[in-house]
Amino acid sequence: MARREFTKTVYAQIVKRAMHPVHGVFCEGCGLILGKKPYHVDHIKPDGLEIEKSRKLTADDGQLLGVECCHKSKTKIDVAVIAKAKSREEKHLGMKRAKGQIKSPGFRKAEKVHAPSSKSLPPRKLFRSIQP
Ligand SMILES: [Zn+2]
């Protein structure tokens, strides 16, 4: 499913909302004044989790986040949350077997290999002398 992106109008609304009259753009996640630092307009609700995709995104669905301060870490969390939700769904639909502990005795410890001792058989003779 395609990820919905904000329209230019909505994007502009979000950026305007995050614009401090004196200090300029600030991060809506932590309130840090970004100035010229890079920012990203982020989906508040991870788009992969949204079921109703026909509804148009509005400025309320997004937030302006500083790339350095908030966006990097949030993306990581979103990805994990989506992956977990998908895995739960697959399990529910029987697409995936539950991961269980594999019952197995494991490997036996290798028995020590002894060097041939005096008790072992003498080496086999490959050549025999032919008796005349
Ligand atoms: Zn931030």
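## Report on a predicted protein chain

From the N terminus on, the elements of the protein chain follow the order α-β-β-β-β-α, which comes to 2 helices and 4 strands, where helices (H or I, at least four residues) and strands (E, at least two) are DSSP runs numbered from the N terminus. This is a predicted model, in which local features need pLDDT of at least 70 and side-chain atom pairs count only at pLDDT 80 or more, while totals for chains, interfaces and linings use all residues. Residues are numbered from 1 along each chain as its sequence is written.

The mean pLDDT of the protein chain is 82, and 79% of its residues reach 70 or more; pLDDT is the predictor's confidence in each residue, from 0 to 100. Among the elements, helix α1 (residues 8-17) has the highest mean pLDDT, 96, and α2 the lowest, 87.

Of the 132 residues of the protein chain, 11% count as buried, a residue being buried if 20 or more other C-beta atoms lie within 10 Å of its own, exposed if 12 or fewer, and partly exposed in between, with C-beta atoms placed from the backbone. Among contacts with a separation of 6 or more, 64% are between residues 24 or more positions apart, and two residues are in contact if their C-beta atoms, placed from the backbone, lie within 7 Å.

The largest nonpolar core has 9 residues, namely I14, A18, C27, L34, Y39, V41, L64, L65 and C70. Two elements, β3 (39-43) and β4 (62-66), each give two or more residues to this core. Such a core is a set of buried Ala, Val, Leu, Ile, Met, Phe, Trp, Tyr and Cys residues joined through C-beta atoms within 7 Å. In soluble globular proteins, nonpolar side chains tend to be buried together.

Strands β3 and β4 pair in the antiparallel sense over 5 bridges, pairing being assigned if DSSP finds at least two bridges between two strands. One of the residues involved is Y39, whose bridge partner in β4 is G66. Strand β4 is largely enclosed by the rest of the structure, because 5 of its 5 residues are buried; G62, L64 and G66 cover one side, and Q63 and L65, likewise buried, lie on the other.

Three residues outside this core are set out below, each with a partner that is distant in sequence.

| Residue | Partner | Sequence separation | C-alpha to C-alpha distance |
|---|---|---|---|
| V25 | V15 | 10 residues | 7.3 Å |
| V67 | K37 | 30 residues | 7.9 Å |
| G31 | C70 | 39 residues | 9.9 Å |

V25, found in strand β2 (residues 24-25), is partly exposed, because 19 other C-beta atoms lie within 10 Å. Leaving aside residues up to four places away in sequence, V25 touches V15, A18, M19, L34, Y39 and L64. G31 lies in the loop between β2 and β3 and is exposed, with 12 other C-beta atoms within 10 Å.

Helix α2 (residues 67-92) has 26 residues and reaches 36 Å from its first C-alpha to its last, close to the 38 Å expected at 1.5 Å a residue, the expected span being 1.5 Å times one less than the number of residues. V67 belongs to this helix and is partly exposed, with 15 other C-beta atoms within 10 Å. Beyond its neighbours within four places in sequence, V67 is in contact with P38, Y39, H40 and K72. C70, with residues up to four places away again not counted, touches C27, G29, C30 and L65. Just after α2, G94 takes a positive phi of about 75°.
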